Each structure stands twice: as structure tokens, then as C-alpha cells.
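Let's talk through the salt bridges of a predicted model. Take a look at the structure, and then we can go through some questions together.

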Amino acid sequence: MIGWLLGFLLLAYLVQRYMLEHALDGLSYQVQSEQTLVELEEKVEVRVTISNRKKWMLPYLCVREQLPKDCKLWQMSQGRKEEREGLYQQAFLETKLYLAAWQKAEISRTLCFQKRGSFRLFSTVLEAGDFLGLATRSMQVESSQEVVVLPERTEQPQIHRALGGFVGELSVRRFWMEDPMLTAGFREYTGREAFRSISWKQSARNQKLMVKEYDYTAEPSCIVILDISVRNFWEKSLEWETEECFRIARVVCETLEKQGFSYEFRTNAVIMGAMGTVNRVLKGRGRAHLLEILELLGRASSHYKEHLPELLEEIEKERGSASACILISLEEARECKEKIARLHTQSGQAVLLLQPETEKKQEGGEGQ
């Protein structure tokens, strides 16, 4: 009898030791989000999938997920619907599970974000227990799932007025200039047209002088430059003003898209996350083009990699076509008047300078 008992205890010990050593084998953890580009305080549905891909059960698993900074969990009661939903802040989400062999468990999370930026979901610790529940082993999992929170739209009325007037002027100006590459038709020569506009082929066919009629410029274009550089940044606190620059940039790009402009985007902000060192979006238009720029604005940090003079020099060297220019600058524009003037001279198009109000002025305006 004692021999049987000792044999059983030895077998239990060996099973316990084996299960502890291999507790995390075949365990997979995945995070999927229905949305990747979201607005501030927008609900984001996140699904966590945990799979036990081995032939024996996992009697104990603790999933400890760390929420990103400025992320909140929408805490909703189970089994009944509440008319009022509240926000519940928690640094860690902890879930304890039992997984049978080849079993998969899904956990749903409803999150929202309080700040613009790029957020990775989640930093997670998986803690698995042995057969007897006497010891545990753990591993850390870093998910590649990201959620990018877009900047809000600026509410400064002077920005909307200046942008509306500038875009309206460009829209009207396109009808003043004919594009020699786009021939709309032909008409009889009146003597007032330039000699080079005569079409000899059409003149021979109609037995009289005919001139080309040109279409108007089909696609007005613009370059949007976002500058967040600051001199002596250690002496100032410009967090609100920097975020306002991102809000202005969003309104500018959405307005150009709505008006049918082709536009390019450049910035000196440091871009975080998957887009890495990308700090420009080439000229284009359409929904996908706008979303690419908005994602860049969401991922941009408050740090910059160069000052405005260097950025303008790069743009001056690369610009080949005549495009209007909208410059959104935090504070360095006043030091670059000559370089900004050269942008106008080089392209022959207008340059619009937009700068955010200070937070104090904004608060004072709201109080009046």
C-alpha cells in the first residue's frame, strides 16, 4: 500500500513538473480591433482571442492586460442593458480562465481614447498554472495591433474665414488661366488670338483660319506644410498650441478634399508607430489620400526633427510645379519671411499662413 502511495505521489510530482514546464506551450494570444482610425472618445470594439493548442487542458490562466495611457474602458453591466453608460478607468484588466485541450476563448473589450496619438493594444502578461495549482509560469506578449486617434477639428473662427477666402480665390482663379495641354475645341480666327494658337490642320480642313480653344486648368493644386518647431522650447509650454496646429491641418486637408483640389502634405513632426520616418504624402486626392494624411496627423508626436528654415529649403529644392501653399506654423514663421516670400515667387501662387491662437487668448475669447 505504501509503495502504491509513493508511486502515486511520484507520478503526480512528475505530471505537475511537466505541466509547469510546458504550461505556456501552444498558447496563442491575439488582439484585433474593428477600427484602426478613430475619433476622440469614440467607442472602439476590441476582441482578444486566446487559444490552447495542445493536447491537455490548461487548468489556470491569468491574462493581465495593461491599458495604454489615456485609454479608458467602457464598463457595462452584463446580462442587462443600462440607459446610462459610465467611463471606468483601470490600469490593468485581469481575466482568469480555464482552457480545455484545443479550446479557444474570446474576450470583448469596449475602449475609448482621451488623447490624439498612436496606441498599441495591449502590453499583456500571461500567467499559467500547473496541474495542482501550486506554481505558475508567465510570459509577456506585445501585440502589434495599433489604434490611431485622429486630431479634432479646430474651432477657431478666424482660421475658417481665412481658409474659406483663400480656397475660394483659388477656385475662381482657375477659370482665368487656360491650359494649353487641354484642347476643348476649335473656333474661327478673329485676329485677336495669338498666332501660335492657329491650328493649321483644322484651317486646311475648313478652308479658313481656325484657332484652338483651350480648357481651363482642370485640377488646382496646393501644398500643405505643417511646422511645429519651436526656438528655446525648454522655456515655453506650448502643448495646447501644438495640438491646435494638428487640428488646423485636419480642417485644411478636409477643405481641400471637399473642393476637389489635388494637394500634397509635408511636416517636420516626428511620426510614431508603423509609418516610421514618413513625414510627407505626395500630391493626390480622394478618400484614401485624405485618410493617409489624417493617419499621419494622428501618429505625429509633439517632437520635431528639423526647424522651419530647413524644411522650407527642402521644399524649395523639390518643388517643380506651380502650386499654392498653405503654411501652418507654431511660431517660427516670423523668422522665415524671406523664405516664405520665395515660395510665392517660385510658384507664382498665393501663400496662406495660418497660426494658432495661444491658449490664453482662446480662453479669453470664450469668456467674452
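Being four residues apart in helix 4 (residues 239-258), E254 and R250 are separated by about one helical turn.

Q: How far apart are the closest N and O atoms of E254 and R250?
A: These two sit in helix 4, about one helical turn from each other. Their side chains form a salt bridge, and both residues are buried. The closest N and O atoms are apart by 2.9 Å.

Q: Which residues are linked with R250 and E254 in a network of salt bridges?
A: Happily, the helix 4 pair does not stand alone here. R250 and E254 belong to a network of salt bridges. The other members linked in that network are E39 and R153.

Q: Is E264, the salt-bridge partner of R280, buried or exposed?
A: R280 and E264 form a salt bridge with 2.8 Å between the closest N and O atoms. R280 is partly exposed, at a relative accessible area of 28%. For E264 the relative accessible area is 14%, and because buried means under 20%, E264 counts as buried.

Q: Which strands do R64 and E94 lie in?
A: The side chains of R64 and E94 meet in a salt bridge at 3.0 Å, N to O. R64 is partly exposed with a relative accessible area of 25%, and E94 is partly exposed with 46%. The two are 30 residues apart in sequence, so their pairing ties together strand 4 (residues 58-66) for R64 and strand 7 (residues 92-99) for E94.

Q: How many salt bridges does the structure hold?
A: The pairs discussed here include R64 with E94 and R280 with E264. For the structure, the number of salt bridges is 14.

Terms used. Residues are numbered from 1 along each chain as its sequence is written. This is a predicted model: local features need pLDDT of at least 70, side-chain atom pairs count only at pLDDT 80 or more; totals for chains, interfaces and linings use all residues. Side-chain values use heavy atoms; hydrogens and water are left out. A salt bridge is a side-chain nitrogen of Lys or Arg within 4 Å of a carboxyl oxygen of Asp or Glu. Buried means under 20% relative accessible area, exposed over 50%, partly exposed in between (1.4 Å probe, protein chains only).
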